[in-house]
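Let's sit down with a model and practise reading a ligand site. Bring your questions as we go.

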Amino acid sequence: MSEKRTEIGDLGEFGLIDHIKERVKLSQKSTLKGIGDDTAVIDAGDHVKVVSTDLLLEGVHFDLSYAPLPHVGFKAVAVNVSDIASMNAVPTQITVSIALSNRFSVEAVDALYEGIYAACEHYGVDLVGGDTTASRSGLVISVTAIGEVDKDKVVYRDGAKMNDILCVTGDLGGALVGLQILEREKQVFLANPDMKPELDKYTLVTGRQLKPDARMDIIHELKELGVVPTSMIDVSDGLASEIFHICKGSKVGATIYEDKLPIDKQTFDTAVELNLDPITCVLNGGEDYELLFTISQEDFKKVEKHPDIHFIGHMTKPEEGKFLVTKSGTAVKIKAQGWQHFD
Ligand code: ADP
Ligand code: MG
């Protein structure tokens with residue numbers, strides 16, 4: 001008798017998460033949001049607690065031949081803080097779990113924690129626990145971050161309304177381009193270990209890949225400006241994929257404009273050098289950890305002059321779909337590629 005076997009690749013990462021979610025039954029009154037947003041949301045009386053967790057594996061999420069251990073530690077915290085930020089919340093505590101093979105020394109663990117402690121200080125969070133175990137294949141690191149926000153200020157993926165303005169912080173595509181450069185220089189080094197990697201002219205993009213910074217600054221500034229986004233998500237899988245999440249959650253469409261998409265000059269030039277289309281890098285590059293959010297038209301005046309918030313488009317009726325208007329004025333359907341981990 002042959003048992004049915006479904007390949008994980010047939011579902012993809014998001015399909016698999018939906019599949020798991022289907023059988024989850026929530027029974028606690030305090031669970032305000034379970035699977036399906038950047039964090040879970042838990043009722044804590046006058047405010048809510050938000051919880052996010054991420055798992056990073058050596059060889060899948062980072063490569064120690066070019067990622068220094070302190071950077072890996074910092075990034076493991078920053079990617080979780082980014083999820084906390086995307087709920088309009090402020091991080092308060094983290095737990096850190098590690099699995100190590102005997103390839104790692106105490107000094108290596110110290111180097112990893114140097115980055116974790118630096119991130120704790122940078123984001124003002126306390127390291128309050130975790131777990132330590134042996135691994136057969138390299139380093140595994142999992143961080144859980146806890147944060148809090150006033151009940152009426154928590155922002156989900158599902159609140160965007162038609163005509164809301166779509167905003168993104170910073171610039172996009174840098175982390176993907178940085179990764180391509182690091183991979184290229186690794187191959188050069190493997191082919192000829194006497195060659196020194198030429199990384200000096202790529203420090204911005206490699207920095208975006210190796211040591212991303214969660215945009216807590218934006219969360220504090222939005223608060224000062226008196227703006228609560230109608231929906232928000234962090235850009236971890238690529239702009240196109242995140243737009244799909246907001247549109248699906250909020251049941252709206254979106255139109256974005258190519259000439260409004262923020263890209264740094266070094267990202268643009270390096271993409272061209274690598275024979276990559278810069279706009280594809282902006283749309284589908286992952287790991288930028290910028291914030292993508294929508295605001296109501298009335299709030300536009302309050303953020304209009306912010307130097308690091310870009311207004312890239314607006315939300316439409318769901319049946320209008322998701323489109324990119326190119327510089328020449330053609331509307332092209334947006335495809336959400338993101339990272340296909342299981343391909
Ligand atoms: P992000 O990219 O923002 O970190 P993910 O795409 O990893 O978010 O996850 C989307 C949602 O699915 C989140 O609510 C997350 O907690 C949930 N999730 C992911 N993997 C699992 C799992 N194995 N079991 C239960 N929930 C999961
Ligand atoms: Mg996220």
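What follows is a short dialogue about the ligand shell and the annotated site in this predicted model.

Q: Which residues surround ligand 1?
A: Start by listing the neighbours. Here ligand 1 has Ile17, Ile20, Ile35, Gly36, Asp37, Asp38, Asp54, Asp83 and Ser236 around it.

Q: How do the residues of that shell divide into nonpolar, polar and charged?
A: Sort the list by side-chain class. For ligand 1, four shell residues are charged, three are nonpolar and two are polar.

Q: Where does UniProt place the feature "binding site"?
A: Check the record next. The unreviewed UniProt entry puts that feature at Asp38, Ser52 and Asp83. These positions span 46 residues in sequence, but no two of their C-alpha atoms are more than 6.9 Å apart, so they gather at one spot.

Q: Where does Asp38 lie, and what does Asp38 touch?
A: Place the residue in its element, then look at its contacts. Asp38 sits in the loop between strand 1 (31-33) and strand 2 (40-44). Not counting residues up to four places away in sequence, Asp38 touches Ser52, Asp83, Ser86, Met87, Ile233 and Asp234.

Q: Is Asp38 buried or exposed?
A: Count C-beta neighbours; 20 or more within 10 Å makes a residue buried. Asp38 has 25 inside 10 Å, so Asp38 counts as buried.

Q: What about Asp83: which helix is it found in, and is it buried or exposed?
A: Same routine. Asp83 belongs to helix 2 (residues 69-85). Asp83 is buried because 25 other C-beta atoms lie within 10 Å. Leaving aside neighbours within four places in sequence, its contacts are Asp38, Thr39, Ser52 and Asp234.

Conventions:
Residues are numbered from 1 along each chain as its sequence is written. Chains are lettered from A and ligands numbered from 1 in the order in which they are written. This is a predicted model: local features need pLDDT of at least 70, side-chain atom pairs count only at pLDDT 80 or more; totals for chains, interfaces and linings use all residues. A residue is near a molecule or strand if its C-beta atom, placed from the backbone, lies within 6 Å of it. Ala, Val, Leu, Ile, Met, Phe, Trp, Tyr, Cys and Pro count as nonpolar, Asp, Glu, Lys and Arg as charged, and the others, Gly among them, as polar. UniProt positions are given in the numbering used here, feature names are shortened, and annotations may be inferred rather than shown by experiment. Helices (H or I, at least four residues) and strands (E, at least two) are DSSP runs, numbered from the N terminus. A residue is buried if 20 or more other C-beta atoms lie within 10 Å of its own, exposed if 12 or fewer, and partly exposed in between; C-beta atoms are placed from the backbone. Two residues are in contact if their C-beta atoms, placed from the backbone, lie within 7 Å.
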